[in-house]
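Hi there,

Here is the structure I promised to pass on to you. Have a look at it first, and then read on for what turned up in it.

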Amino acid sequence: VGSIFALTDFCALYLLDVLNWPVPAVVVATLACGALLGAVNGVLIGYLRLRAFITTLITLIIYRSAFDLLIQRYSNSIAAAFPDIPSWNFIGGGDVFGIPSVALVYIAIAIFGHIFMTRLRPGWHITAIGGSRRSAYNSGIPVRRTIALCYVASGVLTSIAALFFAARLGTVGGDIGVGLEVIVLTATVLGGITLGGGKGSVAKSLVGVLIVLLITNGLTTLNARGGINRMALAGILLIAAMVDIRWQKNRTRIISKVYVAPTYHALPPPPPTEIGQGGPFEQNDKLRDVELIGLGRIEAPEDVILDRNDNLYAGSRHGDIMRFLAPDYQRMEVF
């Protein structure tokens, strides 16, 4: 996400400052750029089934190298431009009733993400794949397509963040997006989303993001350098990952020690079983006088059913469907 963030930030500023595109076109093109960059990962991991960690590490290097080459050529042109466009300024620093525009978008995406993950079928598919890819595939879920679309969505969401960053700061420095992966992973794990997949929620991820923001803002207030920020987040990530892994491995044992609380429970007196006492377990002889149908005439009947004329049907061990004709069910024929 760090390299995609940097590239989409460059895309927005290049289109606006160098090519002089209108703001709506810049927004659409930047989102498309993020979707395309995410789709590369999605095709490689989802459809070609490459390992996610190695694949994203390789694309991180490629995207970062492409960003470095681009800013060497166009950074001066972007830095020299000072666009004064109201809509672009609103994206970067506008507000509605005192609420910043970025916060409004953040809240809208969070609400949509919660509904998507908990109320819609594609969200359930994502959770199922995270829990067990093989079981999800055996259940008929389109695993490859869903994984690919997850990476596309990740690219789009990253490009949205890059749009706000570009509109606010308007810079394409070489360190943009560096270490963003650590921040995202730390927020994820601190939010209680298991690294093994299949468990988590949007609400938990929001809590993790707020915790990370408090930590980074606190370190910034203390005039800590960027390296110290990333080192602190990496340490927190390491501790949280260890807790997550140990919890997943020993959670049954831990829960059994914490929540088992045996106690004495007095049972009520048993209900009466004698006939005429009205108890639920008294002897029932209502079927004593039933008539046996087809005894000795049909072998191993099963799955009996009546039609609208009260004729009785049953299968036999030989595979025939036999019909007993109402009302006395004495006549029998192969149906």
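How many salt bridges does the structure hold? There are three salt bridges in it. Before we go through them, please keep in mind that this is a predicted model. As background, side chains of opposite charge can pair when their charged atoms come close.

**The salt bridges**

Let's begin with Asp 285 and Arg 288, whose side chains meet in a salt bridge with an N to O distance of 3.7 Å. That distance passes because a salt bridge needs the nitrogen within 4 Å of the carboxyl oxygen. Asp 285 is partly exposed, at 39% relative accessible area, while Arg 288 is exposed, at 59%.

Another pair is Glu 299 with Arg 317, at 2.8 Å from N to O. Glu 299 sits in the loop between helix 11 (226-259) and strand 3 (302-306), and Arg 317 sits in the loop between strand 4 (312-315) and strand 5 (321-324), so this salt bridge ties together parts that are 18 residues apart in sequence. Glu 299 has a relative accessibility of 39% and therefore counts as partly exposed. Arg 317, with 52%, is exposed.

The remaining pair is Arg 323 and Glu 333, where the closest N and O atoms are 2.5 Å apart. Arg 323 belongs to strand 5 and Glu 333 to strand 6 (residues 332-334), so here the pair ties together parts that are 10 residues apart in sequence. Glu 333 is partly exposed, with a relative accessible area of 28%.

Glu 333 also gives us a sense of distance across the model. Val 26 and Glu 333 are 307 residues apart in sequence, and their C-alpha atoms are 79 Å apart in space. You will find Val 26 in helix 2 (residues 23-47). With a relative accessibility of 0%, Val 26 counts as buried.

**The cysteines**

A disulfide is a covalent bond between the sulfur atoms of two cysteines. How many disulfides does the structure hold? The count is zero. Why is Cys 33 not bonded to Cys 11? Cys 11 has the closest cysteine sulfur to that of Cys 33, but the two are 4.3 Å apart, which is too far for a bond. A disulfide would need the two sulfur atoms within 2.5 Å. Cys 33 is partly exposed, at 22% relative accessibility.

Cys 150 is in no disulfide either, and the nearest cysteine sulfur, that of Cys 33, is 20 Å away. Cys 150 counts as partly exposed, with a relative accessibility of 32%.

**Patches on the surface**

Two patches are worth finding on your screen. Arg 49, Arg 133, Arg 134 and Arg 144 form a positive surface patch. One of these, Arg 144, is located in helix 8 (residues 143-169), and its relative accessibility of 41% makes it partly exposed.

The other patch is nonpolar: Phe 53, Ile 54, Leu 57, Ile 58, Ile 61 and Ile 62 form it on the surface, and together they have about 600 Å² of accessible area. Ile 62 is placed in helix 3 (residues 52-80). With a relative accessible area of 49%, Ile 62 is partly exposed.

**Some backbone details**

Now go to the loop between strand 1 (95-96) and strand 2 (99-100), where Gly 98 is found. Gly 98 is exposed, at 59% relative accessible area. Its C-alpha atom is separated by 31 Å from that of Leu 7, and these two residues are 91 residues apart along the chain.

Phe 97 is also found in the loop between strand 1 and strand 2. Its phi is near 55°, a positive value in a residue other than glycine. Is Phe 97 buried or exposed? Phe 97 is exposed, with a relative accessible area of 82%.

Asp 310 likewise is not a glycine but has a positive phi, of about 70°. Asp 310 lies in the loop between strand 3 and strand 4 and counts as partly exposed, at 43% relative accessibility.

Finally, look for the cis peptide bond that joins Ala 326 and Pro 327, where omega is about 5°. Pro 327 lies in the loop between strand 5 and strand 6.

Enjoy exploring!

Best wishes

Notes:
Residues numbered from 1 in each chain as written. Predicted model: local features only at pLDDT ≥ 70, side-chain atom pairs only at ≥ 80, totals over all residues. Heavy atoms only, no water. Patch = residues over 30% accessible without salt bridge, like charges linked within 9 Å, V, L, I, M, F, W, Y side chains within 5 Å. Areas by Shrake-Rupley, 256 points an atom, 1.4 Å probe, with all protein chains shown as cover. Lys, Arg positive; Asp, Glu negative; His and termini not counted. Charge placed at Lys NZ, Arg CZ, Asp CG, Glu CD. Helix = DSSP H or I, 4+ residues; strand = E, 2+ residues; numbered from the N terminus. Buried < 20%, exposed > 50% of the residue type's maximum accessible area, 1.4 Å probe, protein only.
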